[in-house]
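Please look through the sequence and the model shown below, and keep both at hand while reading. The paragraphs that follow go from one buried side chain to the wider arrangement of rings and charges.

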Amino acid sequence: MTLYSKLALGALALTLGACQVTPPVTPAAMMCNFDPIPLEVEVPPENAGMGREGELADLMRASLASAPARVDGELPSMLFMSGGGEHGAFGAGYLDGWAGTRPNGRLPQYRVVTGISTGSILATFAFLGDTAKMVQGYSITSERELLVPFIRVRDGHPTPGSLIRVMREGAVADLAPLRARLLEEITPAVLAQVSEAHRGGRKLLVGAVDVDLGQAMVFDLTRMADRFVAAQTDAQRELLRGCYAEAILASSSAPLAARPVFIDNRMYVDGGVRFGMFSDEIVAVTGRRGPATPVAPPLPRHQVYLIVNGNLEVSQECGKADPSLCRPPDQPTGGSEGAHRPWNLVGLAGRSEKLLVNQVYRFSADRVRTQAEAAGNPFHFAKIEDDVDSHSYTLNDPVLGSGTRTCSQWTALDQQLDHPVQFFPRYMRCLIDYARKRGRSGEWR
C-alpha cells in the first residue's frame, strides 16, 4: 500500500485538479439489489445492537443460536479473516495445513465466516472447507493473473511517465483479471453449496466501504447464493453470480491500488479502510446489548478463530543520513549523533499511511480477542511471524523456475525479474509453504 500512496501523492503534487473518471451506470434490469448491512458501532458503544446498526449482530446471533451444541464433537465456531493483499497466501496455507491435522481432514463447519479484502477472497472456500481451492487461488505464476498494472515499476519505484497514466485511470491497476478468476471459481455448484449452508442457518459475510456514506458495509453472500438458486432464468442466475463476485471484488479494491467497484450505482472500496477484520459487532453478537433492547438469551459457547494475513508489525528504518550510524545499541535510531536523513512529503505520507493501516489492524485484532474472551469463548489466533523471512522453500515450477531460497530471497528474485506492483508470485509460494507448516503444528496463539 505504501507504493500506492506514493504514486497517488506524487500525482497530487503534479496537479491538484486530477483527472476525473466517469463511472459506469447500472440500469435497473442489471441491479444486484444488495441490501448491505452497516458495520458500525453507535456512540456511545453501549448502544451497539440497536436499530439498523444492530442488524448484523442479530444475523450472526441467529446463526450461532441455531447451531447444535456440538458439530463433529466440537463447539460451534466463527472464523474472521483480515485483509493483507498477497499475504492472503498465509491464510490459505495455514488453513490447508491445519485442516490436514484434523480427524476428518477438514476445517470446522463454521457457523459464521467473515472476510475483509484478501480475506473476502478466501472466505467462500473457507466457508465450504475447500482448502485446496484456497491454495490454488494464491499459487499464481504472474501478477497479471490478478491485475493489469497501469504503472511500471523499476527497482521498487515507479517510472517517471507512470504517474500520468495513474491519474488518467484513477488507480494503479485494474482488477479485471481477478474478476474473471472469481467468476471461474464461483461456479453454480459452489453457489448451490453456499445456498444450502444458508438454509442451514450458516452465514458468509464480506465487508466493503461505501465511499459516499463513509461507512463500512457488509454483503451477505449466503443470501445472494440463495437468490441465485431460486432464480428462474439463466440470465438472472448469471447476473446474480456476477453480483456475488462483485461484492468480493469491492471488498478487495484497495483505494489507489485499484479502481473502486460500483454496485447498484454505489461506489465501494476495500473494507480494510475502516476495519482490518470484523470486530465491533461481536460485542452485540455475544450478548451485550443496548439498554433499550431486550437482553437476548445467552448463546452456547463457541470457538472464535482469527487469521491475520500479515504480521501486525511495521518495519523499523534507519533514520540517519549516514546508515553506518544505525548500529547497536542505538539501532535503528542511530542515537543522537549525526544528521537525520532528508525527507519529502511523499515519503513521509507513505510511511504515515503504513503506520495508520497497521494501527487499524492492531485495534481490530485486539477487539476480536478481548470481546471473545469477555464472553468466555475460546479464542484462536494466527499471524505471520518474524521467522517467515528465513523460511527455506524449494520451488520447482516451469514458469517461475527452481531452486531453494528463503522467502526473503524469493521476494528479491521476484523484484529483480518481474518488478511486480503488489503480488510477488515466488514469495507467495514460499509463504504458502511456511503457513502450511505452521498450520500443521497447530500453532494457534
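In which loop is Lys320 found? In this predicted model, Lys320 belongs to the loop that runs between strand S12 (303–307) and helix H12 (345–374). Lys320 is buried and yet takes part in no salt bridge, since the nearest side chain of opposite charge, that of Glu337, is 7.8 Å away. A salt bridge is counted here when a side-chain nitrogen of Lys or Arg lies within 4 Å of a carboxyl oxygen of Asp or Glu, and the 7.8 Å to Glu337 does not meet that. What Lys320 does have is a backbone partner: a polar atom of its side chain lies 3.1 Å from the backbone oxygen of Gly335. Once neighbours within four places in sequence are left aside, the residues in contact with Lys320 include Leu325, Cys326, Thr333, Gly334, Gly335, Ser336 and Glu337, and also Gly338, Ala339, His340 and Arg341.

From this single residue we can turn to the chain as a whole. The chain has 14 helices and 15 strands, and buried residues make up 52% of its 445 residues. Among the contacts with a separation of 6 or more, 75% are accounted for by residues that are 24 or more positions apart.

The aromatic side chains come next. The structure holds 10 aromatic pairs, and one of them joins Phe90 and Tyr94 in a tilted arrangement, with 5.6 Å centre to centre and 45° between the planes. Both residues lie in helix H3 (residues 88–99), where they are 4 residues apart, or about one turn of the helix. Are Phe90 and Tyr94 buried or exposed? Phe90 counts as buried because its relative accessibility is 0%, and Tyr94, also at 0% relative accessibility, counts as buried too. Tyr94 also pairs with Trp444, this time edge-to-face, at 5.0 Å centre to centre and with 75° between the planes. This second pair links distant parts of the chain, for Tyr94 is in helix H3 whereas Trp444 is in the segment after helix H14 (425–440), 350 residues apart. Trp444 counts as buried because its relative accessibility is 16%, which is under the 20% limit. These rings belong to a cluster in which ring pairs link Phe90, Tyr94, Trp98, Tyr110, Tyr305, Tyr434 and Trp444.

Rings also meet charged groups elsewhere in the model. Arg202 lies over the face of Phe127, at 4.2 Å from the ring centre, while the charged end of Arg405 sits over the ring of Trp410, 4.9 Å from its centre.

Charges that pair with one another form a further theme. Side chains of opposite charge can pair when their charged atoms come close. How many salt bridges does the structure hold? There are 21 salt bridges, and in one of them the side chains of Arg266 and Asp210 meet at 3.0 Å, N to O. That pair links distant parts of the chain, with Arg266 in strand S11 (residues 266–270) and Asp210 in strand S8 (residues 203–210), 56 residues apart. Arg266 is partly exposed, with a relative accessible area of 29%, whereas Asp210 counts as buried at 2% relative accessibility.

A second salt bridge brings together the side chains of Asp397 and Arg429, at 3.5 Å, N to O. Asp397 lies in strand S14 (residues 392–397) and Arg429 in helix H14, so this pair ties together parts that are 32 residues apart in sequence. Both Asp397 and Arg429 are buried.

In a third salt bridge, the side chains of Asp418 and Arg426 meet at 2.8 Å, N to O. Asp418 counts as partly exposed at 37% relative accessibility, while Arg426 is buried, with a relative accessible area of 5%. Salt bridges can also share partners, and in this way Asp210, Asp212 and Arg266 are joined into one network.

One last residue to find in the model is Leu417, which has its place in helix H13 (residues 407–418). Leu417 counts as partly exposed because its relative accessibility is 46%. Its C-alpha atom is separated by 9.8 Å from that of Leu400, a residue 17 residues apart from Leu417 along the chain.

How values were computed. Residues numbered from 1 in each chain as written. Predicted model: local features only at pLDDT ≥ 70, side-chain atom pairs only at ≥ 80, totals over all residues. Heavy atoms only, no water. Phe/Tyr/Trp six-rings, centres within 6.5 Å; stacked < 30°, edge-to-face > 60°. Helix = DSSP H or I, 4+ residues; strand = E, 2+ residues; numbered from the N terminus. Buried < 20%, exposed > 50% of the residue type's maximum accessible area, 1.4 Å probe, protein only. Lys NZ or Arg CZ within 6 Å of the ring centre and 35° of its normal. Lys, Arg positive; Asp, Glu negative; His and termini not counted. Polar contact = N/O pair within 3.5 Å; in protein donor to acceptor, adjacent residues only side chain to side chain. Contact = heavy atoms within 4.5 Å.
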